[in-house]
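Today I am going through the aromatic side chains of this entry, and I am noting what I looked up in the order in which I looked.

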Amino acid sequence: MNPFQLLIKPVSYRCNLRCSYCFYLRVKKVYPNEKYPKMNEQVLETMISQYLGYQLHESIFGWQGGEPTLAGLDFFKNVVRLQQKYGKSGQIVGNALQTNGVLIDDEWCKFLRKYKFLVGLSLDGPKSIHDKYRKTVGGKSVWKKVMNAANLLRRYQVEYNILCVISKANVNHVKEVFEFFIKNGFYYLQFIPALEVDETGKKAAFSINSNQYGKFLCDLFDLWKKIPSKISIRLFNTLLAKKMGHPGDFCVLDKNCANYLLIEWNGDVYPCDFFAKNTYKLGNVMEDDLKFLLDKRNHTFGELKKQLSKDCMECNWLTYCYGGCVKDRRFIDNPHPEKTYYCEGLKIFFEYSNEWFSNYIQKFSQT
């Protein structure tokens with residue numbers, strides 16, 4: 001059986017922030033009668049026992065939200081207890097936690113370090129940029145709390161990386177953002193473009209367009225290529241891997257969607273966190289086998305990634321992006337739903353960086 005991962009939303013859409021570009025708050029409409037959703041013991045144990053029962057060589061649990069730390073530290077202590085209960089000798093069990101950092105304190109860090117959680121910390125840059133779209137429910141800044149979380153994670157030697165959303169707040173401030181990350185010792189970075197709709201169904205004001213994304217990547221690349229061995233940027237690492245004949249391990253640019261299932265607080269299963277909608281629901285862990293749901297996903301939702309436009313099939317960069325993320329294809333303002341909204345921007349970047357990547361790999365292979 002091929003390995004697959006679980007992406008789990010233990011408190012669903014619940015969050016202590018109200019980021020303007022958050023795509024998951026809309027899941028509240030899926031569960032309108034649940035004010036404080038939280039995964040209960042029965043769902044948690046069923047999910048863990050079933051998943052670890054497959055005895056995959058590697059079993060990865062990704063915990064996201066909303067804000068997953070709202071489930072509480074005791075919840076995650078129970079997670080580890082159940083993983084130890086149902087895990088078998090020789091299994092590799094990993095946990096990843098994506099957080100806004102607001103609730104991270106010493107006790108959290110001691111736990112995360114002890115059980116080797118990989119943490120993703122959401123941070124969009126210096127205070128003036130981060131505060132533009134990432135605030136509390138009452139509109140207050142949390143930047144200092146996020147920076148404090150980063151310092152605590154470093155002090156306790158918890159492995160973490162930075163997730164930066166590219167929005168109107170930082171798309172024209174590449175150098176400022178990059179230098180901020182370097183100055184603060186943030187060397188493992190991932191950049192995700194904001195692309196959402198507003199109340200009218202049109203592209204939201206904070207979203208960036210294709211040309212802006214392409215320019216951002218080119219400018220970021222110019223800064224990164226001066227110190228590529230010091231800074232890890234996921235998209236650039238993916239392109240290096242592809243050029244060297246290795247898997248990219250980044251679903252946005254891969255031929256197939258990532259091999260995972262999304263598990264909601266009540267055990268509902270969806271194909272992807274961007275598609276946690278009633279029309280895409282696959283089943284529920286309390287009633288269905290995860291392997292069955294994974295096969296169902298791959299034979300339904302998984303086929304969407306393969307539906308490429310004629311432009312994609314004839315494109316020189318086809319194997320670099322395979323039409324991009326399905327979420328960025330099926331966007332209301334995208335006139336060509338069989339290729340990513342960011343197609344032209346990616347083409348600009350692929351063309352701009354191609355020669356350097358080729359030369360870098362050639363030098364690497366000669367050392």
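I began with charges over rings, keeping in mind that the model is predicted. The charged end of K9 sits over the ring of Y24, and I noted 3.9 Å from the ring centre. I then looked up R297, which lies over the face of Y260 at 5.3 Å from the centre of that ring.

Next I turned to ring against ring, where a search of the whole structure gave me 46 aromatic pairs. I took F76 and W108, whose ring centres are 5.7 Å apart and whose planes stand at 65°; since an angle over 60 degrees counts as edge-to-face, that is how I entered the pair. This pair links distant parts of the chain, as F76 belongs to helix 2 (residues 73-86) and W108 to helix 3 (residues 106-114), with their positions 32 residues apart in the count. I checked burial as well: F76 has a relative accessible area of 0% and is buried, and W108, at 6%, is also buried.

For another pair I looked up F221 and W224, with ring centres 6.0 Å apart and planes at 40°, so I entered the pair as tilted. Both residues lie in helix 7 (residues 210-224), 3 residues apart, which is about one turn of the helix. F221 counts as buried at 1% relative accessibility, and W224 is buried with a relative accessible area of 1%.

Lastly I followed ring pairs from residue to residue and found that they link F4, Y51, Y54, F61, W63, F75, F76, W108, F111, Y115 and F117 into a cluster.

Technical notes
Residues numbered from 1 in each chain as written. Predicted model: local features only at pLDDT ≥ 70, side-chain atom pairs only at ≥ 80, totals over all residues. Heavy atoms only, no water. Phe/Tyr/Trp six-rings, centres within 6.5 Å; stacked < 30°, edge-to-face > 60°. Helix = DSSP H or I, 4+ residues; strand = E, 2+ residues; numbered from the N terminus. Buried < 20%, exposed > 50% of the residue type's maximum accessible area, 1.4 Å probe, protein only. Lys NZ or Arg CZ within 6 Å of the ring centre and 35° of its normal.
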